[in-house]
Amino acid sequence: MRWLFVAEWAVRIVMFVVVVTRKRSANAALAWLVVVAFVPFLGAVGYLLFGEIRLGRYRSRQYLDLAGAMTRSAELRRQFAEHGQAVVEGRHRLVANLAGAVGAREPRGGNRLELVDVPDALFSRLVEDIDDARHHCHLLYYIADDYNNDPITLSVVEALVRARGRGVSCRVLLDAAGSRRFLRGRMADRLRDAGVELVGALPVNFLRAAVARLDLRNHRKLAVVDGRI
């Protein structure tokens with residue numbers, strides 16, 4: 001059993017170096033080190049599968065190019081100089097801090113924010129905004145439900161179809177895992193037939209698992225209407 005003892009400590013030492021040099025968060029690094037210390041082989045396998053953000057070379061390059069373009073954007077710099085950083089006070093400050101940390105963008109002035117905490121009210125407003133659209137509707141969601149003609153999803157689909165009928169450019173991006181059934185269903189066919197550009201983001205298959213983590217999904221929920229809303 002000496003070889004097993006040596007192998008365990010070899011794995012611990014190697015993984016210690018890997019985790020410490022690659023993990024930015026001290027809490028995350030400590031958690032992985034504890035796991036590897038107690039179950040070195042399973043911990044090492046788990047870290048290789050889920051421990052690092054692997055988007056694949058192509059997607060990583062796209063992200064860096066986009067982040068650089070936004071940093072260099074003259075329009076964004078002009079808006080920031082004009083309106084400055086927003087001052088968020090009271091109980092909304094924690095929400096603003098979280099949004100800034102996740103999006104890597106601080107809150108900016110010149111905008112109006114309204115919090116809607118009831119799903120039915122939220123999507124009713126979304127349908128109204130799509131019905132008022134004159135130029136474009138861009139939607140990004142993790143999941144769209146095609147089960148038994150879900151009324152909320154159906155209302156958004158019908159609004160997009162009406163918008164396309166008025167000549168409005170409509171683009172919908174859905175997570176390929178969270179919305180797999182929808183992307184293959186009747187509502188998706190209805191959107192495509194109407195001329196809506198519908199795309200599944202981050203496709204999932206075993207071949208991609210070799211270069212990118214399959215559990216890294218896009219959970220953002222965004223709707224941009226005419227560049228105003």
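Hi everyone. Let me begin with a word I'll lean on today: a residue is buried when its relative accessible area is under 20%, exposed when that area is over 50%, and partly exposed in between. One more thing before we start: this is a predicted model.

Let's go to Arg217. You'll find Arg217 in the loop between strand E3, residues 197-201, and strand E4, residues 222-225. Is Arg217 buried or exposed? Its relative accessibility is 16%, so Arg217 counts as buried.

What does this arginine meet there? Leaving aside residues up to four places away in sequence, Arg217 touches Tyr142, Asp175, Ala176, Ala177, Ala201, Leu202 and Val204. Two of those names deserve a closer look. Take Leu202: its backbone oxygen lies 2.5 Å from a polar atom of the Arg217 side chain. Then there is Asp175, whose side chain makes a polar contact with the side chain of Arg217 at 3.2 Å.

That second pairing is also a salt bridge, with the closest N and O atoms of Arg217 and Asp175 3.2 Å apart. The bridge links distant parts of the chain: Arg217 is in the loop between E3 and E4, while Asp175 belongs to strand E2, residues 169-175, and the two are 42 residues apart. Going back to our opening definition, both Arg217 and Asp175 are buried.

How many salt bridges does the model have? The count comes to 7, and I'd like to show you two others.

Please find Asp131 and Arg162 on the structure. Their side chains meet in a salt bridge, 3.0 Å from N to O. This pair also links distant parts of the chain, with Asp131 in helix H7, residues 119-131, and Arg162 in helix H8, residues 151-165, 31 residues apart. As for exposure, Asp131 has a relative accessibility of 27% and therefore counts as partly exposed. Arg162 comes in at 39%, so Arg162 is partly exposed too.

Now for Asp145 and Arg181, whose side chains form a salt bridge at 3.8 Å, N to O. Here Asp145 sits in the loop between strand E1, residues 136-141, and H8, whereas Arg181 is in helix H9, residues 180-183; these distant parts of the chain are 36 residues apart. Asp145, at 29% relative accessibility, counts as partly exposed. Arg181 has a relative accessible area of 54%, so Arg181 is exposed.

To wrap up, let me return to where we started: Arg217 and Asp175 are both buried, and a salt bridge joins them. Thanks for listening!

Key:
Residues are numbered from 1 along each chain as its sequence is written. This is a predicted model: local features need pLDDT of at least 70, side-chain atom pairs count only at pLDDT 80 or more; totals for chains, interfaces and linings use all residues. Side-chain values use heavy atoms; hydrogens and water are left out. Helices (H or I, at least four residues) and strands (E, at least two) are DSSP runs, numbered from the N terminus. Buried means under 20% relative accessible area, exposed over 50%, partly exposed in between (1.4 Å probe, protein chains only). A polar contact is a pair of N or O atoms within 3.5 Å; within protein, one must be able to donate a hydrogen and the other to accept it, and residues adjacent in sequence count only if both atoms are side-chain atoms. Contact means heavy atoms within 4.5 Å. A salt bridge is a side-chain nitrogen of Lys or Arg within 4 Å of a carboxyl oxygen of Asp or Glu.
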